[in-house]
Amino acid sequence: MQSPGFRDTGKFIRRPARPGVYTPANLKKLMRCLEPHSNIALPIRIRGAGSASTDCNESVNGSVIRTNALNRIVRIDTYNHTVTAEAGVRLGTLVDALADKGLELIGNHDQMERTLGGALASPCMGPGIGDQAAYLSRQVINMKVVTAGGKLMTVSEQKPHLLAAFRMSYGLLGVIYEATLRVRPITTFAASHRSLSIDRFSDVADRLSSSNVGLKFYVLAHRDRVYVDLRRYNAEPGNAYDTPWKIKDWGESTVLPQVFRSLGRVMPIPAVRYRLIDGISAATHGLVTTKFVNHGNNVTTAGRRRRGKRQGLLYSTWCFPAIDFSVVIKAYVDFCAQVLKANGYRCDMPAVGFRVSKDASALLSPSFDEPMFALQTISTARHGWDDFVIDLAQFAETWGGMPLFSQSRAFRAEHASQSYSSRLDFFRKIRRQLDPDDRLLNPFLAQNFS
Ligand SMILES: Cc1cc2nc3c(=O)[nH]c(=O)nc-3n(C[C@H](O)[C@H](O)[C@H](O)COP(=O)(O)OP(=O)(O)OC[C@H]3O[C@@H](n4cnc5c(N)ncnc54)[C@H](O)[C@@H]3O)c2cc1C
């Protein structure tokens, strides 16, 4: 760790604060980084695995505090079904340690490289079954936090409103140092897979918009195809073998990005490249999803840890009201066709989506008022991506999309303010009280949170 500068003692002249990256190895060092005398350059931003797609974890002229050395699992309580861990523990490490004791996280979360702190401080969502399983942060019952002024503070269920503000707070109210979460015994669900046309999927999305099943899907927008993965708890659960899910994860997350990146390099004719890309996507999804994968649980479906920013995949995620999604998905397919025609750009990876239950456990929950569908556009193709995400943001705004401060690229601050409305006003008030000098506020976040 870089030591946080000199103190003013009268004998020494204070050095100007320098931008830098700090990796405190324990609570004491973390507190020292944040205390006002530490002389580290402002603003300070916290970074876990750095997998967010916006600048919420960056501080170009200030300091970044990385949490990866705070990586202890403190306690797994098999009687009360809770786990306590430091913020830098990777979700994959946590999932493995819990599985050894027959326990799992509540909710279906992949991206095993992300950190516990990052997953609690931003929307960490997936196709969980039931109305309690949308976000990991819902399960937090206690957090130890280091404030913007370097003091230790405990936030627990005894103060539900404060805890709701700290969930998904993007590191704006303080640094999560340690958290205790509810977990549960490993529970098997049945998974069924179908390949549908966009029209047929639109009907299914309409029917399932208010049902609490776990729904995940992969959209091949240029091929009129959606691969649907539907999950339910059965009265008589089958066996959840992890090998088929590993194959599925490997196909979706490793094989496809690598093959598409190579095709981008070696095949210069777009029409041929895209035909190959869609063919390979369809074959991979058809094979791994329909034939082998019938039962699962939150451990087998968690996927593997990936190094770096998930192999450099580009992504932007928006949430749409579930009630409108049957129309939105058709509009999205038209949008993709129009962009390809006008600009010659298209994403090479299938878009991934899932249903997110209504959940008001966090003040800044994207599905605070109603269930949503998250739609994540993913690509390995960099050239043209920046323009694409601007067009995508306009599309999302037109169709009532809710931006995520950590995952939606190119959203307009005014649109985000309107989407989160009075909840954002309330959050800003709490933020100003906890960080009156804006030490944790970078220019990107200041657009919405100052
Ligand atoms: C290809 C791809 C697919 C993805 N798919 C999904 C998905 O399906 N569902 C989903 O929910 N997310 C998804 N994500 C997004 C990403 O994994 C999440 O945003 C993740 O929760 C962030 O965790 P992190 O450790 O990387 O945090 P970072 O990106 O480092 O930080 C995220 C935010 O949390 C804050 N923060 C981090 N640690 C702390 C702490 N200890 N205390 C206070 N604040 C902190 C940061 O300041 C920042 O504002 C995907 C990402 C990629 C690359």
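This report walks through a predicted model, from the whole chain down to its domains, its ligand shell and a few backbone details.

## The chain as a whole

Let's start with the big picture. The chain's secondary structure adds up to 11 helices and 17 strands. Its radius of gyration is 22 Å, close to the 22 Å from the globule rule for 450 residues, so the chain is as compact as a globular protein of that length. If you want a box for it, the C-alpha trace spans about 70 × 55 × 40 Å along its principal axes.

How much of the chain is buried? Of the 450 residues, 47% fall in that class. As for contacts with a separation of 6 or more, 72% of them come from residues 24 or more positions apart.

## Two domains and their contact

The domain assignment splits out domain 1 (73-186) and domain 2, the latter written in two pieces, 189-296 + 306-411. Their C-alpha centres sit 25 Å apart. Where the two touch, domain 1 puts in 20 residues and domain 2 puts in 27. The domain 1 side of that contact breaks down into 10 nonpolar, 6 polar and 4 charged residues.

## Around the ligand

Where does the ligand's shell sit relative to the two domains? Domain 1 and domain 2 both contribute residues to it, so it lies between them. The ligand has 36 residues around it, and the ones that come nearest are Gly48, Ala52, Gly117, Gly118 and Gly171.

Four elements give two or more residues to this shell: β2 (44-47), α3 (116-121), β9 (175-185) and β16 (372-379). Which of the elements gives the most? That's α3, with 4 residues. By class, the shell comes out at 16 nonpolar, 15 polar and 5 charged residues, so to speak a mixed bag.

## A hairpin at the start of domain 1

Domain 1 runs over 73-186, and strand β4 covers residues 73-77. This strand pairs with β5 (residues 82-86) in the antiparallel sense, over 4 bridges. Within that pairing, Ile76 stands opposite Val83 of β5.

The hairpin leaves 4 residues between the strands, and His81 takes a positive phi there, near 55°.

## Backbone spots worth a look

Now for the odd torsions. Leu42 and Pro43 are joined by a cis peptide bond, with omega at about -5°. Pro43 belongs to the loop between α1 (27-34) and β2, and β2 is one of the elements with two or more residues in the ligand shell.

Tyr170 has a positive phi near 55° without being a glycine. You'll find Tyr170 in the loop between α4 (160-166) and β9. Is Tyr170 buried or exposed? It has 25 C-beta neighbours inside 10 Å, so Tyr170 counts as buried, given that the cut-off is 20 or more.

Asp438 is another non-glycine residue with a positive phi, about 55°. Its loop runs between α10 (413-434) and α11 (443-449). Asp438 has 17 other C-beta atoms within 10 Å, which means that it is partly exposed.

Notes:
Residues are numbered from 1 along each chain as its sequence is written. This is a predicted model: local features need pLDDT of at least 70, side-chain atom pairs count only at pLDDT 80 or more; totals for chains, interfaces and linings use all residues. Domain bounds come from an automatic or database domain assignment. Two residues are in contact if their C-beta atoms, placed from the backbone, lie within 7 Å. Ala, Val, Leu, Ile, Met, Phe, Trp, Tyr, Cys and Pro count as nonpolar, Asp, Glu, Lys and Arg as charged, and the others, Gly among them, as polar. A residue is near a molecule or strand if its C-beta atom, placed from the backbone, lies within 6 Å of it. Two strands pair if DSSP finds at least two bridges between them. A residue is buried if 20 or more other C-beta atoms lie within 10 Å of its own, exposed if 12 or fewer, and partly exposed in between; C-beta atoms are placed from the backbone. The radius of gyration is taken over C-alpha atoms; the globule rule is 2.2 Å times the number of residues to the power 0.38.
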